[in-house]
Amino acid sequence: MANVLIVAEQFGGAVRKATLHAISAGREVARRTGGTLHLAVLGKGIGPVAEELSGYGAEVHAADAAVLEHPLAEAHAPVLVELARAVQASHVGAAATAFGKDLLPRVAALLEAGMATEVLGFGGEGAEVTFRRPMWAGNVLAEVALATPVKVFTVRATEFPAAAKEGKGAVTAAKVSVDAGALRTRYAGFKEVKSARPELTEARIVVAGGRGTKGDFKPVEALADELNAAVGASRAAVDAGWVPNDWQVGQTGKVVAPELYVAAGISGAIQHLAGMKGSKVIVAVNKDPDAPIFQLADYGLVADLFKALPELAEKLKKSR
Amino acid sequence: MPLKILVTAKRVEDPESKIKVKPDGAGIVTDGVNYKMNPFDEIAVEEALRLKERHGGEVIVASIGGEKSATEIRAALAMGADRGILVRHDGPLDPVVVSALLAKVFELEKPDLVILGKQSIDDDQNQAGQYLAARLGLGQATFASKIESLESEAEQKKEPGVKLAADGKSVAVVREVDGGVETLEVSLPAVVTTDLRLNKPRFASLPGIMKAKKKELKELAAAALGVDLAPKVVVKKLSEPPSRKGGVKVQDVEELWKKLHDEAKVV
């Protein structure tokens with residue numbers, strides 16, 4: 001039993017992009033253990049999603065049932081436990097999204113497995129896979145080993161490439177023996193936050209604002225739209241209620257690693273840096289020349305964001 | 001309906017402290033580091049206190065660790081929790097061990113609700129609450145949040161974000177998930193883990209601190225609880241992440257534009 005089971009995430013009939021990065025991680029672990037990669041997808045009416053996933057060359061186990069319509073960890077976990085045992089998985093993984101972070105620890109507990117969260121890469125030798133992961137808000141990197149027969153992990157999507165399609169896997173129905181009536185959790189609604197902008201964790205460019213905006217995000221948003229970028233924010237801006245919660249970049253918010261990250265009016269608290277320091281190019285615009293963000297920015301501009309951002313947006317417009 | 005609520009208060013390094021790895025990679029430098037209650041647990045304590053203020057009941061705060069963890073329990077008692085339980089254990093902890101010990105405390109106390117921080121800011125694992133719910137066969141609502149901002153009227157009025165149903169048999173919890181906000185109803189007893197934007201924790205008052213000294217703080221020896229205390233998550237080595245070299249400061253937007261366009265070629 002050295003097989004690898006990766007739990008795919010689907011939403012509204014589509015595979016979440018983060019899953020493709022988790023598949024890459026799963027392929028890497030399977031190469032190390034000499035095992036076979038399996039994919040699991042759960043939901044209701046997920047035939048097309050399972051078909052899509054079969055293009056990644058691994059057997060897809062589709063758990064299709066009304067009781068799995070919503071992503072309730074209590075309902076999903078036992079299905080995955082049964083499946084992990086059936087395919088003799090030594091490693092069970094997923095992307096470290098809200099879904100994965102809610103569900104996988106519950107699966108781990110039921111499998112009596114140890115777990116590593118937000119894995120950045122693998123270490124160790126041969127089939128003895130260790131997990132590299134951040135601790136203390138990314139100020140420390142740890143190499144951890146899991147001393148249980150089954151090992152569970154979630155991966156930070158930005159640290160693994162998106163898997164390319166290869167081969168064709170079979171799609172089989174996974175067994176679902178969950179008694180809906182016995183569930184202690186009920187799904188009571190979902191409010192989608194829609195945006196015309198790219199998803200924060202998937203965008204090529206992110207423009208983020210902080211306390212320096214004083215609550216006026218217009219220049220931040222205008223520059224973002226000029227760059228076809230996602231908009232992010234520091235915790236200070238979110239806590240002040242200036243922008244929605246899901247814009248927060250940081251240890252406790254979203255971790256992003258775009259090609260370009262523009263931090264406007266963000267001083268650079270440790271917890272914010274933990275969420276964006278993997279970006280390829282970092283630009284900081286801040287009035288305070290001593291702001292810590294300048295210590296890691298590739299290009300720092302000491303300026304008023306209300307002047308500098310519109311000017312930069314104007315340059316972009318003209319360059320087209 | 002009065003609620004008996006169990007909350008956790010883990011002793012962790014102050015998030016404002018500079019964390020450095022020891023040269024041999026066997027741990028972090030603890031000299032000059034301050035300790036405090038895990039910030040996510042502070043939010044859990046605050047939420048429990050608000051629920052008690054609304055519905056009546058009792059708030060029991062538990063911590064697992066060495067004798068110094070009593071400080072974090074006292075801090076929660078000073079905020080207003082009723083009594084504390086320190087599960088004494090001096091060895092390394094992981095979510096597997098922590099959740100097994102908390103399950104024992106749960107069996108002893110039989111609370112209606114357990115509220116924990118979604119993660120502790122030292123190991124950042126984000127697992128203990130989910131493990132605990134699975135071990136106890138309970139429903140879980142992780143990453144509890146509030147729809148309203150922390151500047152809203154509801155927050156000013158110190159309303160709990162976790163809502164007890166009229167029949168007292170379940171709680172409704174708003175959760176932040178990818179792409180939106182979800183609401184779950186979980187039958188009691190239930191396990192809830194807190195995200196940052198659930199509430200703003202109160203500060204302990206001076207009378208609160210004085211009263212806390214007289215509140216009950218019971219000690220249990222972890223070794224006597226019949227739990228396998230060997231960690232399953234074994235930290236082999238710690239290192240410092242590669243540091244990013246800050247680059248040039250540019251004079252104006254014109255220069256910034258040139259750097260981005262001609263040098264970095266990202267726009």
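These numbered points go through two sheets, one helix residue and a surface patch in a predicted model.

1. Start with the sheet that holds strand 14 of chain A. Its 6 strands run in the order 15(A)-14(A)-16(A)-17(A)-18(A)-14(B), and the sheet is open. The pairing is parallel. Note the last entry: strand 14 of chain B joins strands of chain A here. In general, strands of a sheet pair through backbone hydrogen bonds, either parallel or antiparallel.

2. Which strands stand at the edges? They are strand 15 (230–233) of chain A and strand 14 (248–250) of chain B. Each has a single partner strand, so one side of each is left without a neighbour in the sheet. From one strand to the next, the twist averages 20 degrees.

3. Next, look at strand 14 of chain A, residues 205–209. Is this strand largely enclosed or left open? Of its 5 residues, 5 are buried, so the rest of the structure largely encloses the strand. Ile205(A), Val207(A) and Gly209(A) point one way, while Val206(A) and Ala208(A) point the other way. That fits a general rule: in a regular strand the side chains alternate between the two faces of the sheet.

4. Strand 14 of chain A has partners to check. With strand 16 of chain A it shares 5 bridges, and the two run parallel. Here Ala208(A) has Ala263(A) as its bridge partner. With strand 15 of chain A the pairing is also parallel, over 4 bridges. In that pair, Val206(A) is matched with Ala230(A).

5. Move along to strand 16 (residues 260–264) and strand 17 (residues 281–286) of chain A. They run parallel and are joined by 5 bridges. Ala264(A) stands opposite Val285(A) of strand 17.

6. Which helices pack on this sheet? Helix 8 (residues 305–319) of chain A touches strand 16, strand 17 and strand 18 (299–302) of chain A. Its direction makes about 135 degrees with that of strand 17 of chain A. Helix 7 (residues 253–263) of chain B also packs on the sheet. This helix touches strand 16, strand 17 and strand 18 of chain A, together with strand 14 of chain B. Its direction makes about 165 degrees with that of strand 18 of chain A.

7. Now the antiparallel sheet. It is open and has 4 strands, in the order 8(A)-9(A)-10(A)-13(B). Strand 8 (121–125) of chain A and strand 13 (233–239) of chain B stand at the edges. Each has a single partner strand, so one side of each lacks a neighbour in the sheet. Ignoring direction, neighbouring strands are turned by 35 degrees against each other on average.

8. Where do the two chains meet in this sheet? Strand 10 (residues 140–146) of chain A and strand 13 of chain B are joined by 6 bridges and run antiparallel. Glu143(A) has Lys237(B) as its bridge partner. Helix 1 (residues 17–33) of chain A lies across strand 8 and strand 9 (128–135) of chain A, at about 5 degrees to strand 8.

9. Check Glu46(B), in helix 1 (residues 39–55) of chain B. Its relative accessible area is 0%, so it counts as buried. Beyond its neighbours within four places in sequence, its contacts include Met79(B), Lys158(B) and Arg202(B).

10. Last, the surface. Leu206(B), Ile209(B) and Met210(B) form a nonpolar patch with about 300 Å² of accessible area together. Ile209(B) belongs to helix 6 (residues 206–212) of chain B. With a relative accessible area of 36%, Ile209(B) is partly exposed.

Methods:
Residues numbered from 1 in each chain as written. Chains lettered and ligands numbered in written order. Predicted model: local features only at pLDDT ≥ 70, side-chain atom pairs only at ≥ 80, totals over all residues. Heavy atoms only, no water. Patch = residues over 30% accessible without salt bridge, like charges linked within 9 Å, V, L, I, M, F, W, Y side chains within 5 Å. Areas by Shrake-Rupley, 256 points an atom, 1.4 Å probe, with all protein chains shown as cover. Salt bridge = Lys/Arg side-chain N within 4 Å of Asp/Glu carboxyl O. Buried < 20%, exposed > 50% of the residue type's maximum accessible area, 1.4 Å probe, protein only. Pairing = 2+ DSSP bridges. Axes fitted to C-alpha atoms, helices over the stretch in contact; angles between N-to-C directions. Contact = heavy atoms within 4.5 Å.
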